[in-house]
Amino acid sequence: MTRKKVKLAYITNDSARKETLKRRKKGLMKKVSELSTLCGIDACAIIYSPHDSQPEVWPSLVGVQSMLAQFENIPQMEQSKKMVNQDSFLRERICKANEHLKKQRKDNREKEMTQLMFQCLIGKSLNSLNMVDLNDLNWLIDQNLKEIHKRVETLNKEANSQVGVALASGAGPSGEVNDIATQQEADRQASEVNMEAMQKQEWHINWINPQEHIGFGGDEVILPFWDNNHNDLWSSAFFP
């Protein structure tokens, strides 16, 4: 059988309250003793009861006095460093919960704008968006463009590095031919990467400031990254 959940409230019945105090006081002393034995720490307990003239202590009166003297010898700052009352504890919990909520809302908003951006790319109209949504969407697109520019710079550096290695290792007429071929290949790759970035940036600018030939009308959209035959000008994992 499962234990009945105890209601944490003042026990109004005198006899029941006395019996609960006696039983729980014994259990508390046992727990303190187990904690001290298992973890090898110094611990003591003092319990005052209206039914007893003297407080009940553990492990002994001398042991309690020794523990209190040891605690009083600690500097005041060290004594109160880890002490909290109910008010400060609740304030700390509320502050942490608010920070977590703020972060969660930001993550959810970013995911929402990302989904909206993909929907716009396949033809969803922007007419239903308010100014806040448009600003957030613009911020997300700017972040993606920054990542694209960083990737372009990285690829350009890698291509230039490969060309430098090829030039350093080439020798004789055959080496010169290989150097020229390597240089041409690197230039071609860099040109393709730059063209891709320019096309994406041009599409972003046309999306934010649509011209007559590029825009969102109802549920139909003409996207600048398609040609007349609906062939992609660059590959995308999201839009095959």
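This is a short talk on a protein model, going from its overall make-up to a few of its helices, a pocket and some single residues.

Hi everyone, and thanks for having me. Before anything else, please keep in mind that this is a predicted model.

Let's begin with the whole chain. The protein has six helices and four strands. If you walk along from the N terminus, the elements come in the order α-β-β-α-α-α-α-α-β-β. Of the 240 residues in the protein, 20% are buried. And if you take the contacts between residues at least 6 apart in sequence, 47% of them join residues at least 24 apart.

Now to helix α1, which covers residues 14-39. How far apart should the ends of α1 be? With 26 residues at 1.5 Å a residue, α1 should span 38 Å, and its end C-alpha atoms are 37 Å apart, so the two values agree. The buried residues here are T20, K25, M29, V32 and S36. Look at the spacing in that list and keep one idea in mind. An α-helix has 3.6 residues a turn, so residues three or four places apart point the same way. What lies over the buried residues of α1? The cover includes β1, residues 45-47, and β2, residues 56-58.

Let me zoom in on S36. Is S36 buried or exposed? Its relative accessible area is 18%, and the cut-off for buried is under 20%, so S36 counts as buried. Apart from neighbours within four places in sequence, S36 is in contact with I41 and W58. W58 brings us to another feature: the peptide bond between W58 and P59 is cis, with omega at about 5°. P59 itself sits in the loop between β2 and α2, where α2 is residues 61-72. Back at α1, the helix is followed by G40, which has a positive phi, near 65°.

Next, a pocket. The second largest pocket holds about 340 Å³ of space. It is lined by 14 residues, and the closest to its centre are I11, R17, T20, L21 and R24. We have already met T20 as one of the buried residues of α1. Sorted by class, the lining has seven nonpolar, two polar and five charged residues.

On to helix α4, residues 86-121. Its 36 residues reach 53 Å from the first C-alpha to the last, close to the 52 Å expected at 1.5 Å a residue. At the start of α4, a side-chain oxygen of N85 comes to within 3.3 Å of the backbone nitrogen of D87. Which residues of α4 are buried? They are M113, L116, M117, C120 and L121. Just after the helix, G123 takes a positive phi of about 120°.

That leads into the loop between α4 and α5, where we find S125. S125 is buried, with a relative accessible area of 11%. The side chains of S125 and N127 are joined by a polar contact of 3.1 Å.

My last stop is L134, in helix α5. L134 has a relative accessible area of 32%, which makes it partly exposed. Its C-alpha is separated by 9.3 Å from that of M113, although the two residues are 21 apart along the chain. M113, you may remember, is one of the buried residues of α4.

That's my tour. Thanks for listening!

Technical notes
Residues are numbered from 1 along each chain as its sequence is written. This is a predicted model: local features need pLDDT of at least 70, side-chain atom pairs count only at pLDDT 80 or more; totals for chains, interfaces and linings use all residues. Side-chain values use heavy atoms; hydrogens and water are left out. Helices (H or I, at least four residues) and strands (E, at least two) are DSSP runs, numbered from the N terminus. Buried means under 20% relative accessible area, exposed over 50%, partly exposed in between (1.4 Å probe, protein chains only). Contact means heavy atoms within 4.5 Å. The expected span of a helix is 1.5 Å times one less than its number of residues. A polar contact is a pair of N or O atoms within 3.5 Å; within protein, one must be able to donate a hydrogen and the other to accept it, and residues adjacent in sequence count only if both atoms are side-chain atoms. On a 1 Å grid over the protein atoms alone, a cavity is a set of points where a 1.4 Å probe fits but cannot get out, and a pocket is an open set with protein on both sides within 12 Å along at least five of seven lines; lining residues have an atom within 4 Å of a point. Grid points are joined across faces, edges and corners, and a volume is the space filled by probe spheres set on the points. Ala, Val, Leu, Ile, Met, Phe, Trp, Tyr, Cys and Pro count as nonpolar, Asp, Glu, Lys and Arg as charged, and the others, Gly among them, as polar.
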